[in-house]
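This report walks through the enclosed and open spaces of a predicted model, and then through a helix and two individual residues. Please keep the sequence and the coordinates at hand while reading.

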Amino acid sequence: MVRQQLRATVALVLEQRRHYAIGTVFVLIGIAAGLSYPLLVGRLIDDGVTAGSVERINQLGMILLGLLVAEGASNALRDYYYNVAAERATARLRRKVFDRLLRLEIAFFDGEKTGELTSRLSSDVPAIARVIGDELADGVRFLVFGLAGTALLFYTSFYLTLLVMLAVPPIIIVSSVLGKRVKVLSSQMQQAFSESGAAAEESLAGIRTVRAFSQEAAEGHRYGGKIAAALALARRKILTTSALSGLSFTFAEGAALLALWSGGYLIARGQLTSGQLITFVLYAFLVSRGFRNATAFYADALRGLGATQWIFAMLEREPAMPIEGGHRLPQVVGAVDLEGVRFTYPTRPDTRALDGIDLSIRAGEVVAFVGRSGAGKSTMLNLLLRFYDPDEGRVALDGHDLRELDPSWLRQQIGVVLQEPVLFSGSVADNIRYGRPEANDADVLAAAELAAARGFIERFPDGFETAIGDRGVQLSGGQRQRLAIARAVLRRPAILILDEATSALDSESESFVHDALRALDYGPTTIVIAHRLSTVVNVNRVIVLDHGRIIGIGRHDELLQSCPLYRQLVETQLVAV
Ligand code: ATP
């Protein structure tokens with residue numbers, strides 16, 4: 001899995017190769033400068049200071065100054081190119097994942113929380129950006145420092161290098177033992193913090209219930225408990241990391257001290273010059289910093305990539321149902337047939353949502369589905385819109401199996417008004433145009449008029465340009481539904497699907513279906529999920545569903561006689577509203 005992510009990350013980096021290539025030139029300049037200092041400083045001591053040559057001191061001083069400026073500038077340019085490349089790469093990645101999500105089958109969203117999807121998109125991606133930005137440049141630089149620096153150490157003094165190497169095994173042992181512990185504790189801490197976050201989100205999302213039951217103190221206590229658990233883990237993690245850094249410091253500095261000590265001894269015996277000792281010490285610092293940072297980068301990169309498994313898995317995921325492609329009918333009449341349809345939601349394999357449905361709806365007919373909660377009414381609509389395919393049997397439009405038709409073309413032939421219509425940020429006009437952005441103002445006005453929405457829209461100060469949502473007007477349930485009707489009829493669909501609200505019981509939405517039916521001056525096939533008596537008495541046929549089967553079809557008055565469940569529904573739920 002990690003290998004696959006690594007490959008995907010490399011592909012991401014290669015897409016931005018121009019930026020990375022320029023950045024890498026500056027990385028190389030930085031490396032060359034970094035590796036030259038110790039040698040030049042050593043020379044400055046031996047050829048300049050010890051030999052007493054002011055001219056040489058000035059000359060080497062100028063070279064060092066030039067190198068310093070070059071390194072500073074190339075570090076800045078390197079950071080610029082690497083970070084811009086990383087942001088470009090991750091912006092593309094975000095876009096790709098989002099596009100992929102938009103195209104995935106509806107069944108996928110049954111198994112996922114949308115909040116989790118969006119938070120992953122916003123939190124996982126920066127982890128990748130960090131790994132492939134200036135941290136990557138630093139990782140490479142420090143690795144080269146470590147490797148080349150070690151070679152130069154041996155070149156400067158073989159004996160001293162061996163001595164310093166004594167510190168390496170204890171550092172490796174300590175950091176691998178304590179490092180493992182830190183890793184475990186950090187993931188436990190992460191888990192504890194995300195649990196506390198979830199607790200906070202639950203309390204705040206349900207603030208009305210919390211307030212109504214006066215549970216503020218209890219919720220605060222619950223959150224406090226989670227935070228305390230996370231804090232305890234954080235303390236243990238900090239203790240371990242502190243011990244780790246203390247011990248590594250002691251070993252590393254101990255080795256350096258040992259080198260100085262025996263270096264001094266070697267100088268006194270004339271086997272080493274002071275310049276060489278300084279070169280040696282500076283390289284030793286470079287090497288230890290190099291390996292420390294390179295391993296830190298490696299660990300960070302692994303952790304970063306581990307956190308982003310989901311993103312890369314998402315990129316690989318193929319939609320189980322395509323959103324376009326297939327046959328398009330030259331003309332749509334609007335006849336709908338369901339033949340022997342059986343369907344079970346993939347996320348609820350134990351319950352059959354539709355269990356043998358045979359139904360023919362004529363073009364231009366107005367039918368209503370009724371039934372108890374969970375009877376399968378919405379599932380019928382889901383299959384008509386081809387959000388899912390039936391497990392058995394077929395759903396057909398004008399005699400053509402929906403599976404042969406182009407899904408996005410099919411959906412253009414259907415207008416949908418759901419119980420709780422979703423409106424998007426933007427103006428009222430934008431929302432009516434959703435699905436047909438090219439519609440002109442006159443069409444939008446006509447659609448609003450048909451849906452009995454024009455009156456209230458024109459009473460807003462900005463009329464059709466009024467913004468909807470957070471910073472715009474807040475609409476009532478009935479107003480939202482009317483906008484949704486206007487949005488649906490603007491496309492003049494051959495089939496109109498209306499899901500009547502059960503909860504918005506105000507007088508405004510009372511006439512919802514009537515508004516919609518009045519809007520249909522061209523007689524499309526209309527399918528209503530009905531919850532009101534006023535609706536069922538006005539349709540051509542009522543279809544009674546129970547446990548995923550049709551148990552009665554007919555006019556309202558016929559069904560009152562022939563179908564006991566229908567009578568019961570009318571007496572209880574339907575009449576009640
Ligand atoms: P209501 O009037 O309450 O909306 P309904 O008649 O529309 O009910 P459906 O939504 O079609 O009923 O549900 C039929 C069955 O399928 C129920 O058992 C329901 O729990 C299940 N179901 C509905 N939607 C899903 C889904 N997205 N994932 C899994 N199971 C579902």
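## Enclosed cavities

When the whole structure is searched, two cavities of 30 Å³ or more are found. The largest cavity holds about 50 Å³ of space, and its lining is formed by Val336, Leu384, Val395, Ala396, Leu397, Leu402, Leu410, Ile414 and Ile495. By class this lining consists of nine nonpolar residues, with no polar and no charged ones. Strand 4, which spans residues 392-397, contributes the largest share of the lining, namely three residues.

The second largest cavity encloses about 30 Å³ of space, and the residues that line this cavity are Arg386, Asp389, Pro390, Val395, Asp401, Leu402 and Arg403. Here the lining divides into three nonpolar and four charged residues, with no polar ones. Val395 and Leu402 appear in the lining of the largest cavity and also in that of the second largest cavity.

## The second largest pocket

Among the open spaces, the second largest pocket has a volume of about 850 Å³. It is lined by 20 residues, of which Phe387, Val416, Tyr434, Arg487 and Arg491 are the closest to its centre. By class, the lining of this pocket comprises 12 nonpolar, four polar and four charged residues.

Helix 14 (407-412), strand 6 (414-417) and helix 18 each provide at least two residues of the pocket lining. Of the contributing elements, strand 6 gives the most, with four residues.

## Helix 16 and its surroundings

Helix 16 covers residues 441-450, and its buried residues are Val444, Ala447 and Ala448. These residues lie on the same side of helix 16, because the arc that they cover around the axis is only 100°. The elements against which the buried residues of helix 16 pack are helix 15 (428-433), helix 17 (454-459) and helix 18 (477-490).

Both ends of the helix show a local feature that can be inspected in the model. At the start of helix 16, a side-chain oxygen of Asn440 comes to within 3.2 Å of the backbone nitrogen of Ala442, while just after helix 16 the residue Ala452 adopts a positive phi of about 55°.

## Arg433 in helix 15

Is Arg433, a residue of helix 15, buried or exposed? Arg433 counts as buried because its relative accessible area is 16%, which is under the 20% cut-off for that class.

The side chain of Arg433 makes a polar contact with the side chain of Asp441, at 2.5 Å. Leaving out residues up to four places away in sequence, Arg433 touches Ala439, Asn440, Asp441, Val444 and Leu490. Among these partners, Val444 is one of the buried residues of helix 16, and Asn440 is the residue whose side-chain oxygen reaches towards the backbone nitrogen of Ala442 at the start of that helix.

## Ile543 in strand 11

Ile543 belongs to strand 11, which runs over residues 541-546. With a relative accessible area of 0%, Ile543 is buried.

Which residues does Ile543 contact, once its neighbours within four places in sequence are set aside? The contacts of Ile543 are with Leu359, Val367, Ala368, Phe369, Val370, Ile550, Gly552 and Ile553. As for Arg352, which is 191 residues away from Ile543 along the chain, the C-alpha atoms of the two residues are separated by 19 Å.

Key. Residues numbered from 1 in each chain as written. Predicted model: local features only at pLDDT ≥ 70, side-chain atom pairs only at ≥ 80, totals over all residues. Heavy atoms only, no water. 1 Å grid on protein atoms, 1.4 Å probe; cavity = no way out; pocket = protein on both sides within 12 Å on 5 of 7 lines; lining within 4 Å. Points joined across faces, edges and corners; volume = space filled by probe spheres on them. Nonpolar A, V, L, I, M, F, W, Y, C, P; charged D, E, K, R; others polar. Buried < 20%, exposed > 50% of the residue type's maximum accessible area, 1.4 Å probe, protein only. Arc of directions from axis to C-beta. Contact = heavy atoms within 4.5 Å. Polar contact = N/O pair within 3.5 Å; in protein donor to acceptor, adjacent residues only side chain to side chain.
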